[in-house]
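Colleague: I should be grateful for a close look at a single part of this model, followed by an account of how that part sits within the whole.

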Amino acid sequence: MTDWIYPAGSAADGDWSVSLGAHDSATAVDGWAHTGLKVAELAPGQAIQLDAASEERIVIPLGGESFTVSIGGDDYLLTGRDSVFSGPADVLYSGINTALSISAEQGGRVAIALAPAKQSYPTRLIKAEETPVELRGAGNCSRQVHNFGTPAALEADRFIVCEVITPAGNWSSYPPHKHDEEKEGETSLEEIYYFETQLARDMPAPEATDPIGYARVYASDERPIDVNAEVRTGDVVLVPYGWHGPAMAAPGYDLYYLNVMAGPGRVRDWLISDDPHHGWIRQTWDAQSMDPRLPFGPLA
């Protein structure tokens, strides 16, 4: 069976700490065709290159003061953030067959979400203040979603990209759901989860700490999949099909994940089916309040 879990460093390739699903990724994943992810830690002044390919991409600063993305002689300045738990950063979309150079004067960590695509759309800089921020769920299912790469926010060909912050002790990607069929009310989408973790903001600093979270994926039909993974900063979980959720922030530790989704269907839309055993939980949210620890970032 294909390994769907990639601990930090296990999908590294040259300057990239993660390189999965791209046209030039050294790590091959059987049966994976529609999404990709690259992550790099840049030293001060270092530049990293992506050659032109039939991939649409979004450059997402994960940590660092600022980044410059050069495309065809044009430079785009992206304001970064202290960490993924500091709220949105500027992001940059580039269409297909576009070479990129990414640098950071002070250094920093950057992700590139990508998807093989055929139709090209214009390069677009989405500022942090323009990012749609959604507080989703309620109670201990409260989480914060940055919807910069969803169909309502970004014109693109194939992919849907967002990021989620889950406060310590909460569950997100819940109730468990799937998007592995093209049918009425559902689209077939591969999905990547890239995780980062931190000691919760309201926790005293212990002498030793190991921020963790958990991710669950299980079968929705005869195709076998059974993931119950402990995750840390830099870990990746791939969801080719099946029910997925919850993504759990362990008590004492906040959880972040970057989601990259795309599939073979004609419609670029995130349409899901809940696991019928657990979908009822949505009905309880109307009687609960949003977690007061949200939002993270400048909206707080």
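Leaving aside its neighbours within four places in sequence, with which residues is S273 in contact?

Modeller: The model is a predicted one. Beyond its neighbours within four places in sequence, S273 is in contact with P176, H177, K178, K183, E186 and W243. The residue belongs to strand β22, which comprises residues 273-274. With a relative accessibility of 17%, S273 falls under the 20% limit and therefore counts as buried. The side chain of S273 is joined to that of E186 by a polar contact of 2.6 Å.

Several of these partners recur among the charged residues. K178, D180, E181, K183, E186, D221 and R223 form one network, joined by salt bridges that share partners. Within this network are K178, K183 and E186, each of which is also listed among the contacts of S273.

The salt bridges elsewhere in the model may be set beside this network. In total, 19 salt bridges are counted. In one of them, D24 pairs with K38, and the closest N and O atoms lie 3.1 Å apart. D24 is placed in the loop between β2 (16-20) and β3 (36-42), while K38 is in strand β3, so this salt bridge ties together parts separated by 14 residues in sequence. The two partners are unlike in accessibility: D24 is partly exposed at 37%, whereas K38 is buried with a relative accessible area of 2%.

A further salt bridge brings together the side chains of E196 and R109, with an N to O distance of 2.8 Å. This pair links distant parts of the chain, since E196 lies in strand β16 (residues 190-199) and R109 in strand β9 (residues 108-116), 87 residues apart. E196 is buried, at 3% relative accessibility.

R216 and D226 form another salt bridge, their closest N and O atoms being 2.6 Å apart. R216 is in strand β17 (residues 213-218) and D226 in strand β18 (residues 226-231), with their positions 10 residues apart in the count along the chain. R216 is partly exposed at 26% relative accessibility, and D226 is exposed at 60%.

The loop between β17 and β18 contains I225. In contrast to the exposed D226, I225 is buried, with a relative accessible area of 5%. Leaving aside neighbours within four places in sequence, its contacts are W4, V217, Y218, A219, P240 and Y241. The C-alpha atom of I225 is separated by 29 Å from that of V84, a residue 141 places away along the chain.

The sheet that contains β16 comes next. Seven strands make up an open sheet in the order β1-β19-β16-β21-β13-β12-β11, with antiparallel pairing. At its edges stand β1 (5-6) and β11 (133-136); each has a single partner strand, so one side of each is left without a neighbour in the sheet. Inside this order, strand β13 (residues 160-166) pairs with β21 in the antiparallel sense over seven bridges. V161 is found opposite V260 of β21.

Strand β21 also leads to the nonpolar interior. The largest nonpolar core has 55 residues, and I60 and L258 have the most contacts inside it. Strand β21 (residues 253-262) gives the most to this core, contributing six residues. Not counting residues up to four places away in sequence, L258 touches L37, I60, A111, F148, V161, C162, E163, I192, Y193 and Y194. Apart from the largest core lies another, of 16 residues, which includes L42, I48, I71 and V110.

One of the residues touched by L258 is C162, and this raises the matter of the cysteines. The structure holds zero disulfides. C141 is in no disulfide, and the nearest cysteine sulfur to its own is that of C162, 17 Å away. C162 likewise is in no disulfide, with the sulfur of C141 as its nearest, at 17 Å. Because a disulfide requires the sulfur atoms to be within 2.5 Å, this separation does not qualify. Both residues are buried: C141 has a relative accessible area of 6%, and C162 stands at 8% relative accessibility.

To return to the part requested, S273 is a buried residue of strand β22, and its side chain makes a polar contact with that of E186, a member of the salt-bridge network.

Methods: Residues are numbered from 1 along each chain as its sequence is written. This is a predicted model: local features need pLDDT of at least 70, side-chain atom pairs count only at pLDDT 80 or more; totals for chains, interfaces and linings use all residues. Side-chain values use heavy atoms; hydrogens and water are left out. A nonpolar core is a set of buried Ala, Val, Leu, Ile, Met, Phe, Trp, Tyr and Cys residues joined through side-chain atoms within 4.5 Å. Buried means under 20% relative accessible area, exposed over 50%, partly exposed in between (1.4 Å probe, protein chains only). Helices (H or I, at least four residues) and strands (E, at least two) are DSSP runs, numbered from the N terminus. Contact means heavy atoms within 4.5 Å. A salt bridge is a side-chain nitrogen of Lys or Arg within 4 Å of a carboxyl oxygen of Asp or Glu. A polar contact is a pair of N or O atoms within 3.5 Å; within protein, one must be able to donate a hydrogen and the other to accept it, and residues adjacent in sequence count only if both atoms are side-chain atoms. Two strands pair if DSSP finds at least two bridges between them.
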